[in-house]
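This briefing covers selected local features of a single structure. Points are grouped by topic, and each can be checked against the model.

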Amino acid sequence: MMQPRQAPARSNAPAARQRTTRRARPRIAVALAGGGPLGAIYEIGALCALDDCLQGLDFNACDHYVGVSAGGFIAAGLANGMAPRQLCALFIEDRPNEENFDPSWLLKPAWAEFGHRLQRVPGLLGSALWAWGVQGKPLTTAFERLGAALPTGLLDNEGIHQHIERLFSREGRSNDFRRLRARLTLVATQLDTGDAAPFGRPGWDHVPISRAIQASAALPGLFPPVAIDGKHYVDGALKKTLHATVALDEGVGLLLCLNPLVPFHASEHPRSAKRIPSLVDGGLPAVMSQTFRSMIHSRLALGLKHYERAYPESDIVLIEPDQRDAELFFANTFSYRQRREMAEHAYQQTRQLLSERQAELAPKLARHGVQIDAVALHDPARHLLPPAPRRAQAQKRRGASATLRLHDTLDTLQHQLGLRKQPTRSH
């Protein structure tokens with residue numbers, strides 16, 4: 001376990017005392033689960049809906065923010081004073097500025113990892129041949145040693161740290177946990193022990209926020225483990241889905257949880273009257289997605305039951321998608337056009353959820369000074385994003401940029417793959 005380090009002395013002692021007093025009795029906390037780019041898109045849309053429809057709740061004035069994997073980026077943005085609509089402009093909109101998120105950051109091969117593993121091949125091959133030819137070990141057993149030559153991740157995640165570091169180094173923001181107004185906890189998993197690593201807590205708060213986000217989102221097999229202080233860390237979701245205990249232990253009164261990944265129910269939807277016969281028709285991607293979502297969600301359900309028993313004085317509100325939402329399950333998050341569509345979809349579905357659960361949620365929220373705005377909730381003209389400009393107009397305005405051509409290619413590819421993979425629907 002990493003040894004606690006002494007936090008640097010603060011020059012403003014009264015401000016430090018005020019910060020300590022405020023944190024001693026936190027009132028409202030936000031916990032954001034992971035889910036890759038799609039999870040971040042859903043959480044941004046949902047947060048914008050909550051921000052529009054809940055009065056008395058300021059998402060930049062909460063006492064504690066807890067983030068896991070992709071949810072860590074959103075949590076860190078909120079803790080840095082970025083409003084949900086600002087995060088939407090940053091992550092969803094396609095505006096030509098250096099702050100905006102670009103999916104291509106996540107698609108760079110991990111060349112350094114490939115090179116490092118390739119260098120080990122001669123030695124590992126020699127060891128395997130020696131074990132087989134000299135020591136007489138079975139061929140399969142001897143050549144198992146070559147498994148160490150396989151890369152630990154396919155994609156380079158160093159760009160995540162670099163771009164977020166630049167984003168949080170701007171005026172009014174901070175890449176240092178210790179300089180934030182509120183608590184921020186970003187959870188990863190220590191690879192060699194399987195223990196949770198709560199970056200941002202005492203003893204873990206010297207790590208830059210951007211590096212903690214990179215570690216928390218290092219999904220094994222996709223991204224290499226992240227080295228920090230001589231240890232390696234991977235995705236925080238390996239241990240728990242939300243890790244909300246760090247906030248509940250401080251006596252938080254209202255815990256608002258967002259979870260973007262739910263298992264899909266391939267059944268008739270009462271609103272669309274569409275039916276998906278079976279996910280097996282979607283092939284391996286659909287089967288693996290359903291498996292992963294089911295594991296994550298079952299663990300979340302057990303965790304929530306534990307929270308309710310262990311923290312009876314805290315009100316816990318969970319926001320997540322409808323399990324019959326086919327649009328969200330089959331979305332291609334690397335398509336710019338679908339990023340906008342899915343964010344708008346999450347926004348409207350969250351408003352619908354608030355409307356359906358208003359009788360249940362209103363008393364819980366009211367105990368903490370939060371009211372549901374019925375006018376905003378039921379306004380049919382309210383949207384997250386304006387209609388996207390026509391492609392021809394956008395190309396003319398931006399000079400047919402390479403970004404737009406990339407979006408067109410991704411949209412076309414998504415459409416072609418969708419025709420092959422998405423299950424046939426009957427009306």
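D229 sits in the loop that runs between β6 (226-228) and β7 (231-234). Although D229 is not a glycine, its phi is positive, at about 50 degrees. The model is predicted, and the points below are computed from it.

**Positive phi outside glycine**

- D229 has a relative accessible area of 40%, so it is partly exposed, falling between the 20% limit for buried and the 50% limit for exposed.
- S69 also has a positive phi, near 55 degrees, and is a residue other than glycine.
- The place of S69 is the loop between β3 (64-68) and α3 (70-79).
- S69 counts as buried because its relative accessibility is 7%, and buried means under 20%.

**Loop after β4**

- L191 belongs to the loop between β4 (183-190) and β5.
- With a relative accessible area of 45%, L191 is partly exposed.
- Apart from neighbours within four places in sequence, L191 has contacts with P225, H232, Y233 and V234.
- L191 and V226 are 35 residues apart along the chain, and their C-alpha atoms are separated by 9.4 Å.

**Aromatic pairs**

- The whole structure contains 8 aromatic pairs.
- One of them joins W204 and Y233 in an edge-to-face arrangement, with 6.5 Å from centre to centre and 80 degrees between the planes.
- This pair links distant parts of the chain, 29 residues apart: W204 is in the loop between β5 (196-199) and α9 (209-216), and Y233 is in strand β7.
- W204 and Y233 are both buried.
- F329 and F330 form another edge-to-face pair, at 4.9 Å centre to centre and 85 degrees between the planes.
- F329 is buried at 8% relative accessibility, and F330 is buried at 18%.
- F199, W204 and Y233 are linked into a cluster by ring pairs.

**Buried helices**

- Helix α8 (residues 158-168) has G159, I160, H161, H163, I164, L167 and F168 among its residues, and these are buried.
- The cover over the buried residues of α8 includes α3, α4 (84-91) and α9.
- Helix α9 is itself largely enclosed by the rest of the structure, because 7 of its 8 residues are buried.
- The buried residues in α9 are I209, S210, A212, I213, Q214, A215 and S216.

**Nonpolar surface patch**

- L125, L129, W132 and L139 make up a nonpolar patch on the surface, with about 370 Å² of accessible area together.
- The most residues in this patch, 3, come from helix α6 (residues 121-133).
- L125 is placed in helix α6, and its relative accessibility of 36% counts as partly exposed.
- Why can patch residues in one helix face the same side? An α-helix has 3.6 residues a turn, so residues three or four places apart point the same way.

**Salt bridges**

- The count of salt bridges comes to 11.
- R85 and D52 form one of these, with the closest N and O atoms 2.5 Å apart.
- That bridge connects distant parts of the chain, from R85 in helix α4 to D52 in helix α2 (residues 36-53), which are 33 residues apart.
- The two ends differ in exposure: R85 is partly exposed at 34% relative accessible area, whereas D52 is buried at 18%.
- R178 forms a salt bridge with D176, where the closest N and O atoms are 3.0 Å apart.
- Both R178 and D176 are buried.
- D176 also meets R179 in a salt bridge, at 3.9 Å from N to O.
- In that bridge D176 is buried at 18% relative accessibility, while R179 is exposed at 65%.
- D52, R85 and R382 are joined into one network by salt bridges that share partners.

**Cysteines**

- The structure holds 0 disulfides.
- C62 is buried, with 1% relative accessibility.
- C257 is buried as well, with a relative accessible area of 0%.

Definitions and conventions
Residues numbered from 1 in each chain as written. Predicted model: local features only at pLDDT ≥ 70, side-chain atom pairs only at ≥ 80, totals over all residues. Heavy atoms only, no water. Disulfide = S-S within 2.5 Å. Buried < 20%, exposed > 50% of the residue type's maximum accessible area, 1.4 Å probe, protein only. Helix = DSSP H or I, 4+ residues; strand = E, 2+ residues; numbered from the N terminus. Patch = residues over 30% accessible without salt bridge, like charges linked within 9 Å, V, L, I, M, F, W, Y side chains within 5 Å. Areas by Shrake-Rupley, 256 points an atom, 1.4 Å probe, with all protein chains shown as cover. Salt bridge = Lys/Arg side-chain N within 4 Å of Asp/Glu carboxyl O. Phe/Tyr/Trp six-rings, centres within 6.5 Å; stacked < 30°, edge-to-face > 60°. Contact = heavy atoms within 4.5 Å.
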